[in-house]
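The following paragraphs lead through one molecular structure, one part at a time. Please keep the sequence and the three-dimensional view at hand while reading.

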Amino acid sequence: MSIKLLLDKVHVEGIRTYEVYKREGGYRAAEKALKTMSPDAIVEEVKKSGLRGRGGAGFPTGLKWSFLAKPEGIPRHLVCNADESEPGTFKDRYLMEFIPHLLIEGLLIASYALGSNNTYIYIRGEYAWIVDILEQAIQEAKNNGWLGKNILGTGFDCNIYVQRGAGAYICGEETALIESLEGKRGNPRIKPPFPAVQGLWNRPTVVNNVETIAAVVPIINITGEEYAKIGVGRSTGTKLISACGNINKPGVYEIDMTISVEEFIYSDEWCGGIKNGKRLKACIPGGSSVPILPANLLLKTAKGETRYMNYESLNDGGFVSGSMMGSGGFIVLDEDQCIVKHTATLAHFYRHESCGQCSPCREGTSWMDKIFQRLEKGQGKMSDIDLLWHIQYNIDGNTICPLGDAAAWPVAAAIRHFRDEFEWHITHAAEAQTRNFGLAHYADPLPVVQ
Amino acid sequence: MAVQFSQDTMNKVQEIIARYPEGKQKSALLPILHLAQESFGGWLSVETMDYVASILNLTKIEVYEVATFYSMYNTKPVGKYVFEVCQTGPCMIEGSDEIINYIKDKLNIGVGETTQDGLFTLKTVECLGACGYAPMMQLGKHYKEHLTKEKIDTIIEECSKSASVNN
Amino acid sequence: MSEEIKKEAPKKFTVTIDNIAIEVAPGTTILQAARMIGGDVVPPTMCYYTPLKESGGKCRTCLVEVSKGSEKDPRPMPKLVASCRTTVMDGMEVKNITSERTLHARQGVVEFLLINHPLDCPVCDQAGECDLQDLSFGHGEGGSRLDFPKRTFTKHNIGPYIQLHMTRCIMCYRCVFAADQLTKEREHGVLDRGYHSEIATHIEKALTNDFIGNVIDVCPVGALTDKTFRFKNRVWFTRPEDAHRDCDKCCGKVTLWKRGDDVLRVTARKDQWGEVQTYEDGTVGWICNECRFEKKNTNDWVIEGPTNVSRHSIKSVNHYINMLKPKETIPDVMGRNPKLLMDIHDVSEVNDPSIKLSKINGPATSKTFNKLIENKE
Ligand SMILES: Cc1cc2nc3c(=O)[nH]c(=O)nc-3n(C[C@H](O)[C@H](O)[C@H](O)COP(=O)(O)O)c2cc1C
Ligand code: SF4
Ligand code: SF4
Ligand code: FES
Ligand code: FES
């Protein structure tokens with residue numbers, strides 16, 4: 001049985017509207033928070049819950065909130081990161097599209113806790129119709145006294161605005177997002193100063209992912225302590241996973257972080273197994289930026305233990321034999337997929353999305369993309385594999401923002417785990433144009449490292 | 001065509017500017033460029049961008065810089081219907097290549113090109129956040145998901161029809 | 001508030017760079033501290049420019065390893081940091097040339113900066129005073145691993161003063177900051193993004209705002225050069241002299257780049273880091289367009305004397321201070337003056353000494369010379 005905190009009501013007819021959402025127990029948390037709790041008490045509650053940022057980095061949310069500078073007389077802002085552009089990730093969209101009031105309620109509570117009177121939702125420009133849904137929800141909330149001036153007679157004022165981006169993955173990076181919200185090019189800022197001190201319009205700012213904000217609602221409802229009991233270790237609460245690729249049931253799932261990867265892929269409750277009875281070859285468990293894992297390392301760690309769907313277990317083995325939870329974009333590849341081609345599309349993606357500010361990322365991503373295109377055309381050279389390795393190595397860690405790392409990791413992992421497939425691409429250039437390398441030994445059990 | 005927002009749009013512009021603190025009207029640039037693109041033929045001419053600069057009291061180069069950074073702003077004219085097909089990994093797995101090739105053949109245009117009648121433009125784009133419903137494309141404000149060749153046929157037919165009704 | 005700070009005993013931070021310790025004021029960056037020490041421990045820079053606010057952090061050539069964060073928090077920093085944008089902490093320990101990691105990363109950065117660079121130094125006016133040349137000489141690899149066509153751009157004309165060669169640009173943003181901070185309205189900027197980002201005006205536009213000429217001085221490479229000096233000479237054949245004039249717009253303090261009495265080029269005065277001088281009163285020696293582009297006669301200027309040029313620079317070849325003229329021995333030995341086998345000026349008009357290069361409009365080619373000589377006759 002699975003616990004659902006965010007999506008439990010998502011299938012209720014009409015949940016998108018205020019009336020139904022309220023009838024189903026909505027805005028109870030907001031009322032509790034604003035009427036009975038102090039802002040600091042809310043921050044404490046979130047700290048207790050162990051909630052970690054759902055945008056990709058997994059930073060403890062309560063801690064992040066407590067870092068917010070509070071200089072006298074300077075307004076503070078909460079910004080909700082709804083840029084969701086990481087390939088494989090489409091969970092925030094689901095939440096906003098189907099249960100928008102959950103986000104609005106979460107934003108209200110978080111704004112109150114952080115003292116943000118003007119809160120912005122920065123949504124990727126392509127989600128144009130979701131802007132309408134959110135604006136509708138905001139209007140309804142306002143009409144019912146949940147937004148605007150003197151909310152519930154507490155003296156707290158809060159407005160929420162939706163800002164549409166215009167097509168730039170980099171604007172998901174929090175400082176680039178702030179720049180974009182200021183009407184500029186989405187060039188990430190050089191840190192420090194951090195947004196918590198100088199963010200939007202140089203004011204203290206917290207940027208949080210949609211799902212992170214939504215999770216605040218159940219935390220207030222059931223208390224942080226109860227929330228922390230769900231899940232395992234430092235992976236508390238529930239997590240939305242957007243599953244796609246060669247599976248029977250692609251979609252958005254809410255899991256508590258105790259289930260194994262194997263169960264997630266094969267159980268009918270979740271992905272429902274690999275499509276067309278094929279076999280699992282590889283998987284990118286947390287959005288395109290995180291390392292790809294071959295089937296054998298995905299289901300079991302290098303120590304031979306079962307791998308679970310949580311922050312720690314997915315990261316078991318570091319980047320040598322593990323991966324990351326990332327944003328929860330779960331991309332499954334079956335035996336017919338070509339790792340080289342798949343990585344090539346990602347290399348192309350990062351080249352397209354680099355803002356171009358810093359030299360390693362601007363030049364490195366395009367260089368890797370060119371090499372991948374050559375490999376794909378069957379004109380690769382054996383030395384290209386090492387060259388790719390060196391380029392990614394020279395990018396990793398040397399850039400302004402983590403996009404550089406995000407571009408380097410998928411290439412590194414693909415070469416690390418699938419080098420023989422790369423080599424085959426080069427030695428069998430003509431054949432590689434007509435068929436894929438196949439499953440090879442990627443699902444075979446590995447010798448266990450002690 | 002003189003570049004000038006209608007009164008309705010102008011009200012919307014004022015409403016957007018009011019979302020930000022005094023003196024931070026530059027923040028309205030992205031939303032207003034969206035409005036401008038919708039109002040003036042689906043793309044941003046230099047004239048349009050200069051007009052936006054004058055509304056927001058910005059230098060012209062500030063607007064050009066922003067307009068050329070974001071992939072959703074077209075700084076060149078496009079067709080009435082723009083097919084933006086996603087080609088990133090998860091969509092590729094589900095056959096986006098085939099869809100792109102099919103559209104190319106059917107409309108007899110390459111990627112980035114517009115049909116002679118000015119109706120259709122084909123673009124390839126990067127992940128649009130619909131990976132579970134692949135292959136997919138964006139058409140105007142909405143997504144078309146789980147694409148098949150038959151679906152493409154229907155979409156093209158519908159677009160052509162509604163274009164001829166409007167003319 | 002500021003009074004209070006002054007009253008407190010000035011607190012100093014101790015920072016150790018490549019095992020050399022120095023005391024600096026809080027707020028100093030690692031780069032500034034390293035420059036105070038001087039010598040080899042100074043990280044190379046391509047995008048940071050002291051007089052330009054917000055500059056730095058982009059090129060990543062100045063990356064260094066922080067092996068100890070501070071006295072209070074001695075943990076090393078996990079990633080290499082941009083020394084130009086990282087302020088020191090008390091007790092910080094930094095490794096520049098003593099860190100393998102730093103040197104390796106820097107080599108990588110240099111390679112990235114060079115892969116799309118045209119390497120057209122033989123026809124580039126910046127050659128001889130180009131930071132990228134120095135950088136690749138000091139830190140680069142011998143060969144290139146890029147076997148793809150290099151990036152190209154559509155050429156744009158940005159007016160009579162400034163020549164733009166986009167292929168040489170390293171996207172340091174210095175010219176953007178300079179235009180923002182020195183001119184009345186910035187008219188050029190960074191367009192497009194990522195691999196295709198370029199310095200441009202979007203519309204064909206001449207950059208003529210006063211003080212815009214300073215972008216030539218801040219550009220570390222030959223992407224922005226002086227059109228009035230274009231192809232007139234190699235910088236190492238010209239002789240730099242400090243000079244000044246009364247100017248109501250700028251400080252009027254410049255360096256003249258001369259050939260004979262001919263003023264070929266005027267630039268702001270640079271300090272030892274290649275940046276425009278900051279004078280003792282804190283003003284920065286930016287110069288106006290008039291001083292830079294219009295004053296090409298020696299008598300426009302009061303000459304102060306030869307510019308100090310580092311002995312290590314190629315430009316020092318024309319540095320005549322205290323140079324002894326070698327004694328002519330031939331007349332003594334032969335009893336007559338030597339006969340020239342051929343006088344180059346008899347067979348070619350190029351570089352005819354009677355022609356003033358500075359008076360030629362545009363680049364000087366053999367055609368220009370021929371025409372001038374015809375006119376003279
Ligand atoms: C290149 C890049 C893209 C990112 N994209 C997103 C995104 O689309 N959505 C998101 O919530 N966070 C994204 N992030 C993470 C944000 O920078 C930031 O960590 C996050 O919004 C913090 O929210 P959280 O603590 O609630 O996770 C991205 C980071 C990087 C470096
Ligand atoms: S790493 Fe890439 S995206 Fe990030 S600042 Fe540098 S160039 Fe821009
Ligand atoms: S033109 Fe010169 S100053 Fe401007 S960004 Fe390029 S390299 Fe830097
Ligand atoms: S990969 Fe196509 S929508 Fe994500
Ligand atoms: S000089 Fe420091 S990053 Fe360029």
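Buried area is the accessible area (found with a 1.4 Å probe) that two parts lose on being put together, summed over both. This is a predicted model, in which local features need pLDDT of at least 70 and side-chain atom pairs count only at pLDDT 80 or more, while totals for chains, interfaces and linings use all residues. Residues are numbered from 1 along each chain as its sequence is written, chains are lettered from A and ligands numbered from 1 in the order in which they are written, and side-chain values use heavy atoms, with hydrogens and water left out.

With that definition in place, the contact between chain C and chain B can be described. About 1,000 Å² is buried between these two chains, and carbon and sulfur atoms give 62% of this area. On the side of chain C, the residues that lose the most area to chain B are Arg186(C), Arg193(C) and His202(C), which together make up 50% of what that side buries. The contact, meaning heavy atoms within 4.5 Å, involves 13 residues of chain C and 12 residues of chain B. A salt bridge is a side-chain nitrogen of Lys or Arg within 4 Å of a carboxyl oxygen of Asp or Glu. Between chain C and chain B the count is 1 salt bridge. Arg186(C) forms a salt bridge with Glu65(B), and their closest N and O atoms are 2.9 Å apart. Strand S7 of chain C, residues 189-191, provides the largest share of the side that touches chain B, namely 3 residues. Helices (H or I, at least four residues) and strands (E, at least two) are DSSP runs, numbered from the N terminus.

Chain B itself is the next subject. Chain B holds 7 helices and 4 strands, and from the N terminus on its elements follow the order α-α-α-α-β-α-α-β-β-β-α. Along the principal axes, its C-alpha atoms fill a box of roughly 50 × 35 × 25 Å. A residue is called buried under 20% relative accessible area, exposed over 50%, and partly exposed in between (1.4 Å probe, protein chains only). Of the 167 residues of chain B, 55% count as buried. Among the contacts in chain B with a separation of 6 or more, 59% come from residues 24 or more positions apart.

Chain B also touches chain A. Here 58 residues from chain A and 40 residues from chain B take part in the contact. The area buried between chain A and chain B is about 3,900 Å², with carbon and sulfur atoms giving 58%. The count of salt bridges between these chains is 5. Arg19(B) forms a salt bridge with Glu135(A), where the closest N and O atoms are 3.5 Å apart. Several elements of chain A give two or more residues to the side that touches chain B, including helix H7 (128-143), strand S4 (156-164) and helix H15 (339-353). Helix H15(A) gives the most to that side, with 8 residues.

Within chain A, the discussion turns to a sheet. Two strands pair if DSSP finds at least two bridges between them. An open sheet of 5 strands has the order S9-S8-S12-S10-S11 in chain A, with mixed pairing. Strand S9 (251-256) and strand S11 (293-294) of chain A each have a single partner strand and stand at the edges, so one side of each is left without a neighbour in the sheet. At one edge, S10(A), residues 280-284, runs antiparallel to S11(A) and is joined to that strand by 2 bridges; Ala282(A) stands opposite Pro294(A). At the other edge, S8(A) and S9(A) pair in the antiparallel sense over 6 bridges, and a hairpin joins S8(A) to S9(A) through 5 residues. Ala243(A) has Gly251(A) in S9(A) as its bridge partner. Is S9(A) mostly covered or uncovered? S9(A) is mostly covered, with 6 of its 6 residues buried. Its two faces are both covered: Gly251(A), Tyr253(A) and Ile255(A) lie on one side, and Val252(A), Glu254(A) and Asp256(A) on the other.

A single residue of chain A completes the account. Glu421(A) has its place in helix H18, residues 403-427, and is buried, with a relative accessible area of 0%. Leaving aside neighbours within four places in sequence, Glu421(A) is in contact with several residues, among them Lys281(A), Ile339(A) and Tyr442(A).
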